[in-house]
Amino acid sequence: MDQSEQSYYWPLMRRAIARIDTEDGRDLTLAEIAEEMNLAPEHFQRVFSRWVGVSPKRFQQFLTLGHAKRLLDARFTTLATADGVGLSGAGRLHDLFVRWEAMSPGEYARKGAGLTILHGYATGPFGRMLGMVTDRGLCGLAFCEETGDAAALADLSARWPGATHRRDDDALAPHLDAAMTAGSRSKLHLIGAPFQIKVWEALMAIPTGHVTTYGEIAQAIGSPRAVRAVGTAVGRNPISWLVPCHRAVRATGALGGYHWGLPVKRAMLAHEAAETGFDLPG
């Protein structure tokens, strides 16, 4: 699918996801949803399945049965166990083909002063993306469909106000391609406070197709009472998808929030579940 097709279809798929997630949307037939999207049923099913990773009917089942809750029941990751079997740290990162380094506390305190951060845009499997990169790697990855380009840029730029920010789509292209291509290597430059870095490292210990809770993350980083602070740090994750904050859910099975929009989070979880063979009854 080329860039023009991606730009055209993602807004439709976002609308379809949002529509299916309404009170009556989970009972709509394929033909009814397709008609609302102004597509033929067969064409809609093909495009939706390609974007989301599962058919519209399967996605309705994910929502009806409480997909996140079922993931907790069947694919819950206790991070202490994950660490013991080599899923965290360097042992986990081979799954994402990611190498990363964190900014030192002193560098973080300077709020990016002395850094040049390039930014650029591309369209990926979950819509319009904004990427930011330093000379050490990708430091920001946002999804713009819910917020718009300008708001996403303002959001990420404000995290490092001392840096020099410059647009360079060509410089970002290989980083964004690698971020969204299975088997490609991405180098990350995590810029955050020490507590945030610990939370983001824990997120990278959650295997694809699995979820964990904010409380488990708090336990894993040695701060079991800091669940609220963990939630805040998860929400401040600047490198979406590669640092998989979408895999953190509430202990009740509720998805919780997602900084770049719940439709994107739902699509990511459904896509990963389909990719790793997670199935539902019926």
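**Exercise 1. Which residue meets R167 in a salt bridge, and what is the N to O distance?**

Before we start, keep in mind that this is a predicted model.

*Step 1.* Look for the acidic partner: the side chains of R167 and D169 meet in a salt bridge, at 2.8 Å from N to O.

*Step 2.* Check the cut-off: a salt bridge needs a side-chain nitrogen of Lys or Arg within 4 Å of a carboxyl oxygen of Asp or Glu. The 2.8 Å pair of R167 and D169 fits.

*Step 3.* Now see how much of each residue is open. R167 is partly exposed, with a relative accessible area of 48%, and D169 is partly exposed too, at 29%.

*Step 4.* Other salt bridges share partners: R19, D24 and E36 are joined into one network that way.

**Exercise 2. Find the partner of D24 in a salt bridge, and say how exposed D24 is**.

*Step 1.* Go to D24 and look for a nitrogen: R19 forms a salt bridge with D24, and their closest N and O atoms are 3.0 Å apart.

*Step 2.* Read off the exposure: the relative accessible area of D24 is 42%, so D24 is partly exposed.

*Step 3.* Zoom out for the total: the count of salt bridges comes to five.

**Exercise 3. Which parts of the chain does the salt bridge of R128 and D149 tie together?**

*Step 1.* Confirm the pair: in the salt bridge between R128 and D149, the closest N and O atoms are 3.0 Å apart.

*Step 2.* Place both ends. R128 sits in strand β3 (residues 127-134) and D149 in helix α9 (residues 149-157), so the pair ties together parts that are 21 residues apart in sequence.

*Step 3.* Check the surface: R128 is partly exposed at 26% relative accessible area, and D149 is partly exposed at 27%.

**Exercise 4. Work out where the buried residues of α9 and α13 point, and what they pack against**.

*Step 1.* Start with α9, where A152, L156 and S157 are buried. Seen down the helix axis, the buried residues of α9 fall within an arc of 125°, so they line one face of the helix.

*Step 2.* Ask what lies against them: the buried residues of α9 pack against β3, β4 (137-143) and β5 (164-167).

*Step 3.* Do likewise for α13, whose buried residues include V230, A233 and V234. These cover an arc of only 100° around the axis, which puts them on the same side of α13.

*Step 4.* Turn α13 around: the face away from its buried side carries the exposed residues R228 and T232.

*Step 5.* Finish with the neighbours: the buried residues of α13 pack against α11 (194-203), α12 (214-220) and β8.

**Exercise 5. Is H246 buried or exposed?**

*Step 1.* Locate H246 in the loop between α13 (227-235) and β8 (248-249).

*Step 2.* Compare with the cut-off: buried means under 20% relative accessible area. H246 has 0%, so H246 is buried.

*Step 3.* See what surrounds H246. Leaving out residues up to four places away in sequence, H246 touches W241, Y258, K265, M268, L269 and E272.

**Exercise 6. How many disulfides does the structure hold?**

*Step 1.* Recall the idea: a disulfide is a covalent bond between the sulfur atoms of two cysteines.

*Step 2.* Look at two cysteines. C139 is buried, with a relative accessible area of 0%, and C245 counts as buried at 6%.

*Step 3.* Give the count: the structure holds zero disulfides.

Terms used
Residues numbered from 1 in each chain as written. Predicted model: local features only at pLDDT ≥ 70, side-chain atom pairs only at ≥ 80, totals over all residues. Heavy atoms only, no water. Helix = DSSP H or I, 4+ residues; strand = E, 2+ residues; numbered from the N terminus. Buried < 20%, exposed > 50% of the residue type's maximum accessible area, 1.4 Å probe, protein only. Contact = heavy atoms within 4.5 Å. Disulfide = S-S within 2.5 Å. Arc of directions from axis to C-beta.
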